[in-house]
Amino acid sequence: MDSLLSSRGKIQSVPESYILPPETRPSDLVTPLLKTIPVIDLETRGHRRNELIQHIIKASQEHGFFQLTNHGVSEELMNDVLTMGAEFFNLAEKDKARYFQARYYSETSPSPEVCRLKTSMEFADEKVHFWRDNFRHHCHPLEDYIQLWPENPPRYREVVGRFSAEVRRLSLHLLNLICEGLGLEQGYFEERLSHRQVFSINHYPPCPDPTSVLGLPKHADPYLITLLNQGHLPGLQVLKDGEWLGVEPLPNAFVVNINHMLQVISNGKLKSADHRVVTNSKAARTTVVSFILPSSDCVIEPAKSLVNEHNPALYRTFKFGDFLKTYDLHTRQGKDPLVDYMIQS
Ligand code: OGA
Ligand code: NI
């Protein structure tokens with residue numbers, strides 16, 4: 001358990017094993033926090049459906065990221081779920097220990113165990129560790145999983161249950177708008193492609209030297225779509241045209257990003273952008289994330305209606321579970337995990 005950063009108390013200096021080689025250090029920490037990714041107001045834009053859809057598609061094409069305001073999830077619930085996340089990582093070590101087991105959770109095979117606590121030392125063979133603890137579990141269908149979630153903090157199940165259900169509804173709404181924007185048949189993302197949902201809490205303790213470590217290394221999310229509640233502290237950066245752009249925390253906003261499977265299904269039209277997390281020396285940052293994902297045996301391919309002789313398929317057909325098996329390793333090696341599935345023209 002001592003590998004959990006959140007159980008170590010105040011850390012005075014960065015252990016050697018967390019220090020990145022110079023070329024991957026976040027030396028550009030001073031990037032100004034401009035409104036760097038598009039902000040979409042669901043309430044205002046929602047009155048003009050076509051305009052809203054065009055805005056979402058454009059943001060998903062150009063940035064792969066956007067912030068969503070006035071999305072209908074209450075300010076109270078947005079704050080409560082962040083509090084639950086922070087409280088979970090503040091629990092005594094013994095209360096967290098039971099979730100800290102190998103093979104406690106699996107994305108690639110159905111498993112009755114649903115919760116997984118990951119320390120900053122995530123992979124046995126990783127050269128450097130990252131400044132993050134993580135706790136995640138399945139959350140859909142709720143009734144299958146909720147009784148396996150933590151009983152502490154006492155309101156965890158109630159708050160996370162409500163939040164997951166609302167975020168799922170919002171995610172499916174966004175997917176339906178994307179579906180319409182891409183010109184796919186109605187309901188394309190419903191059912192098998194959005195069969196599952198994972199709820200994840202990232203905890204980044206204050207770091208004595210944020211310039212020599214990363215909270216999360218460069219990656220793009222492997223699933224369908226991500227909705228992130230990043231709270232009030234900055235840290236997330238998105239790669240755009242070779243530059244890292246800081247994502248400004250906006251009150252009560254979700255950060256939405258396109259994942260690898262949506263890039264494939266849209267035949268490369270929508271972009272799953274690389275992003276990373278930098279740390280800060282002042283305060284712990286806790287973020288909560290919902291991922292929508294297919295089942296492992298789900299067949300993924302560019303949507304047939306987007307492929308024709310002028311727009312040949314850019315990716316071959318594969319099973320989602322097979323992609324997941326190599327995703328972590330390839331991402332760690334700095335290799336695009338979709339490269340093996342690309343059709344060379
Ligand atoms: C993730 C992620 C960003 C953040 O969990 O995949 O990119 O700011 N999180 O915590
Ligand atoms: Ni991510």
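These questions and answers cover the ligand sites, some buried residues and the unusual backbone of a predicted model.

Reader: Which residues are the protein donors of the nickel ion (ligand 2), and how far from it do they lie?
Author: Donors are N, O and S atoms within 2.8 Å of this metal. Three residues qualify: His 219 through NE2, Asp 221 through OD and His 275 through NE2. They lie from the nickel ion at 2.1 to 2.2 Å.

Reader: How are the donor residues of the nickel ion spaced in sequence?
Author: His 219 sits in strand 6 and His 275 in strand 11. The two are 56 residues apart, so this pair links distant parts of the chain. Written out, the donor spacing is H-x1-D-x53-H.

Reader: Is His 219 buried or exposed? And His 275?
Author: Buried means under 20% relative accessible area. His 219 has 12%, so His 219 falls under that limit. His 275 has 5%, so the verdict for His 275 is also buried.

Reader: Which side chains have an N or O atom at 3.0 Å from an oxygen atom of ligand 1?
Author: Take the side chain of Asp 221 as a start: its N or O atom is 3.3 Å from a ligand 1 oxygen. For His 275 the corresponding distance is 3.0 Å. For Arg 285 the value is 3.0 Å. The side chains asked for are those of His 275 and Arg 285.

Reader: How much of the accessible area of ligand 1 does the protein cover?
Author: On its own, ligand 1 has 290 Å² of accessible area. Of the 13 residues around it, Asn 202, Tyr 204, His 275, Arg 285 and Thr 287 come nearest. The share covered by the protein is 95%.

Reader: Which element gives the largest share of the shell around ligand 1?
Author: The elements giving two or more residues are strand 5 (196–204), strand 6 (216–219), strand 11 (275–277) and strand 12 (285–293). By class, the shell holds seven nonpolar, four polar and two charged residues. The largest share is four residues, and it comes from strand 12.

Reader: Which residues does Asp 80 contact, leaving aside neighbours within four places in sequence?
Author: Asp 80 is in helix 3 (residues 75–90). Its relative accessible area is 16%, so Asp 80 counts as buried. Asp 80 and Val 159 are 79 residues apart in sequence, yet 6.9 Å apart in space, C-alpha to C-alpha. The contacts are Arg 155 and Val 159.

Reader: What is the relative accessible area of Ser 194?
Author: Ser 194 lies in the loop between helix 6 (156–182) and strand 5. Beyond four places in sequence, it touches Arg 168, Leu 172, Leu 175, Phe 189, Leu 224, Ile 292 and Leu 293. Ser 194 is buried, because its relative accessible area is 1%.

Reader: Where are the cis peptide bonds to Pro 141 and Pro 153?
Author: His 140 and Pro 141 are joined by one, with omega about -5 degrees. Pro 141 is in the loop between strand 4 (133–138) and helix 5 (142–145). The bond from Asn 152 to Pro 153 is also cis, omega near -5 degrees. Pro 153 belongs to the loop between helix 5 and helix 6.

Reader: What is phi of Asn 252?
Author: Asn 252 is in the loop between strand 9 (243–246) and strand 10 (254–258). Its relative accessible area is 28%, so Asn 252 is partly exposed. Asn 252 is not a glycine, but its phi is positive, near 55 degrees.

How values were computed. Residues are numbered from 1 along each chain as its sequence is written. Chains are lettered from A and ligands numbered from 1 in the order in which they are written. This is a predicted model: local features need pLDDT of at least 70, side-chain atom pairs count only at pLDDT 80 or more; totals for chains, interfaces and linings use all residues. Side-chain values use heavy atoms; hydrogens and water are left out. A residue is near a molecule or strand if one of its heavy atoms lies within 4 Å of it. A polar contact is a pair of N or O atoms within 3.5 Å; within protein, one must be able to donate a hydrogen and the other to accept it, and residues adjacent in sequence count only if both atoms are side-chain atoms. Accessible areas come from the Shrake-Rupley method with a 1.4 Å probe; for residues, only the protein chains shown count as cover. Ala, Val, Leu, Ile, Met, Phe, Trp, Tyr, Cys and Pro count as nonpolar, Asp, Glu, Lys and Arg as charged, and the others, Gly among them, as polar. Donors are N, O and S atoms within 2.8 Å of the metal (3.2 Å for Na, K and Ca); water is not among the atoms, so sites may look incomplete. Buried means under 20% relative accessible area, exposed over 50%, partly exposed in between (1.4 Å probe, protein chains only). Contact means heavy atoms within 4.5 Å.
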